[in-house]
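Here are a few exercises to work through with the model open. Try each one yourself before reading the solution.

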Amino acid sequence: VEILRGPNIKPFPETAPLEATIEAGCSLKVGDNITTDHIMPAGAKILPLRSNIPAISQHCFTVCDEAFPKRAKEMGQSIIVGGSNYGQGSSREHAALAPLYLGVKAVLVKSFARIHRANLINAGILPLTFVNEADYEVIDANGAYLSPGFIDIHKHGAFNYDFMDADNQAAIAMLARLPETGVTSLYPTTMSMSFADIRKAMETIRDLMQLKYTGTQVLGCHMEGPFISPDWGGAQPREYIVPADYSLVAGLEDTIKLVTVAPEEPGNMAFISKCVQAGMRVSIGHTLAHYEGAMAAFACGATSVTHTFCAMHQLQHREPGVVCAASESPNVYCELIVDNLHIHPATQRALFKLKGIDRMILVTDSMRFAGMGYGVSSLAGQRVTINEKGAHLDNGFFAGSVLALNDAVVNYKRNN
């Protein structure tokens, strides 16, 4: 007998029998009253996949955690932890079959909805309940690290959104995904464009600071450009780089938390002083400043260095530059892009020894193409090519990065 199947009908995946002992990590922890709609959503997009378990499983629990299907599959086998009344709602067999395909061996909860418990048993997933419900709060992380959420103070965008787009709806969609990278709050970062565009972006950032939404929270803006050196602008369009003018930022003091300035440009030192007096932090970067100029900027109140080593004079025996000035200024912080492309691991270690862990700030400096894979994108009208060597303009300059902050933390730990 020949069985003819349509393109969206796949054989039921075969699974191995349960072993006598299960050792698995927790792939997902959820709260009370999780419904079968949470576990296996329905809708016009998903229902046509009901005869294709591998495909439909890619939507499993995505309303709770978009990364769950990928994470569970990569773990090989795992356990889901939940609260009370787990699996209430419609009798949806796919809410058991999809987790089974993703490698879920057991579900450990405070209590089950009766029909879903039976469906788990029929599928071959162990339905377990806590002997002591207080244990729900204590889960063995199996050697993984538990950390407070990361704060990225230098991020232009990710997941096909750039904060210069000034689109609240698209920004919130991107911010909903950033916790996947460990980032729970950030400074959206602008770049050198027309000041009308910069102000529009900042007004959107101000709105995001006040809106309630689910995802990474906006703490304020990092204004990187246009008050930088036209001779060391990196990927920033030169035609928009201008001398610092405080009137351009007046009225935005509640939004701008950090501004990058090239202190050697005419008038920029006075601008640094005004920003500090107004409560805005100043970082020096994209600068031709030598050691003496950097020390003068720190004396005026600048407290950090933007993406240290990048777009500035390097540390030399007769021209010590910004890095040496920062190393001699105990209150100055140093941003560092730890993708191992911008900065060699040995250089990272050297800066660590100069500044110490309390004055290092890991940042991504990521652009809209972060999280999008290899390919071709754009930045301020400039073509960007993304490959294993990073993101570059056609002229060879780095166009920010595609770094995720959780990867930066792992890299830095390994490098040091």
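**Exercise 1.** How many disulfides does the structure hold?

*Solution.* Keep in mind that this is a predicted model. The count comes out at zero disulfides. Start with C64: the nearest cysteine sulfur belongs to C60 and sits 9.2 Å away. The cut-off for a disulfide is 2.5 Å between sulfurs, and C64 is in no disulfide. Now try C310, where the nearest cysteine sulfur, from C334, is 12 Å off, and again there is no disulfide.

**Exercise 2.** Is C310 buried or exposed? Work out the class of C64 too.

*Solution.* Buried means under 20% relative accessible area. C310 comes in at 17%, so it counts as buried. C64 has 35% relative accessibility, so it goes down as partly exposed.

**Exercise 3.** In what order do the three strands of the open sheet containing β17 run, and which are the edge strands?

*Solution.* Read the order off as β16-β17-β18, with antiparallel pairing. The edges are β16 (375-379) and β18, each of which pairs on one side only. On average, neighbouring strands here are turned by 30° against each other, ignoring direction.

**Exercise 4.** Which residue of β18 stands opposite T385? Then sort the residues of β18 by the way they point.

*Solution.* First, the connection: β17 (residues 382-387) and β18 are joined by four bridges and make a hairpin with two residues between them. Across the pair, T385 faces H392. Next, recall that side chains in a regular strand alternate between the two faces of the sheet. In β18 (residues 390-393), G390 and H392 point one way, A391 and L393 the other, and all are buried.

How values were computed:
Residues numbered from 1 in each chain as written. Predicted model: local features only at pLDDT ≥ 70, side-chain atom pairs only at ≥ 80, totals over all residues. Heavy atoms only, no water. Buried < 20%, exposed > 50% of the residue type's maximum accessible area, 1.4 Å probe, protein only. Pairing = 2+ DSSP bridges. Axes fitted to C-alpha atoms, helices over the stretch in contact; angles between N-to-C directions.
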